[in-house]
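Work through the exercises below with the structure in view. Try each task before reading its solution.

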Amino acid sequence: MSDGDVRLDGVMERVEAELFTDGGNDAVVRLPGRKFPGVLMQGDSLHILRSDLAEVVEACARGDLAEARDSAGLLLVGLDALLTRYEDALQQHEIPRPN
């Protein structure tokens with residue numbers, strides 16, 4: 001294990017992955033043994049997504065449907081952009097979309 005390796009639960013494996021986009025916060029990568037690539041989301045981005053969704057839930061609990069709708073709309077725009085990035089990467093590399 002090198003200085004840059006991190007062990008979270010005692011199990012770590014180094015693998016080579018195929019990178020279909022730039023590394024960024026939402027890289028499209030394919031791990032060995034997988035038919036389709038996935039989206040690698042950084043932990044801070046995952047935390048932000050969870051917080052944004054929590055805002056929708058809290059607005060619904062308060063009965064503030066206008067705020068919930070607005071927050072959900074922003075989440076949908078972000079997820080649509082992520083899906084478009086994923087689909088563009090697949091198309092550029094002639095990989096069919098998963099069903």
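**Exercise 1: the sheet**

Strand 1 and strand 2 form an antiparallel pair with 2 bridges. Strands are DSSP runs of E with at least two residues, helices are runs of H or I with at least four, and both are numbered from the N terminus. Two strands pair if DSSP finds at least two bridges between them. This is a predicted model, in which local features need pLDDT of at least 70, side-chain atom pairs count only at pLDDT 80 or more, and totals for chains, interfaces and linings use all residues. Residues are numbered from 1 along each chain as its sequence is written, and side-chain values use heavy atoms, leaving out hydrogens and water.

Task: state which residue stands opposite E18, and which strands stand at the edges.

Solution.
1. Find E18; R30 in strand 2 stands opposite.
2. Read the order: 3 strands form an open, antiparallel sheet, 1-2-3.
3. Strand 1 (18–19) and strand 3 each have a single partner strand, so one side of each lacks a neighbour in the sheet. These are the edges.

**Exercise 2: L82 in helix 2**

Task: decide whether L82 is buried or exposed, and find what it touches.

Solution.
1. Locate L82 in helix 2, which spans residues 65–92.
2. Apply the cut-offs: buried is under 20% relative accessible area, exposed over 50%, partly exposed in between (1.4 Å probe, protein chains only). L82 has 17% relative accessibility, so it counts as buried.
3. List its contacts (heavy atoms within 4.5 Å). Leaving out residues up to four places away in sequence, L82 touches D26, V39 and M41.
4. Check the cover: strand 2 (26–30), strand 3 (38–41) and helix 1 (43–62) are among what covers the buried residues of helix 2.

Technical notes. The expected span of a helix is 1.5 Å times one less than its number of residues.
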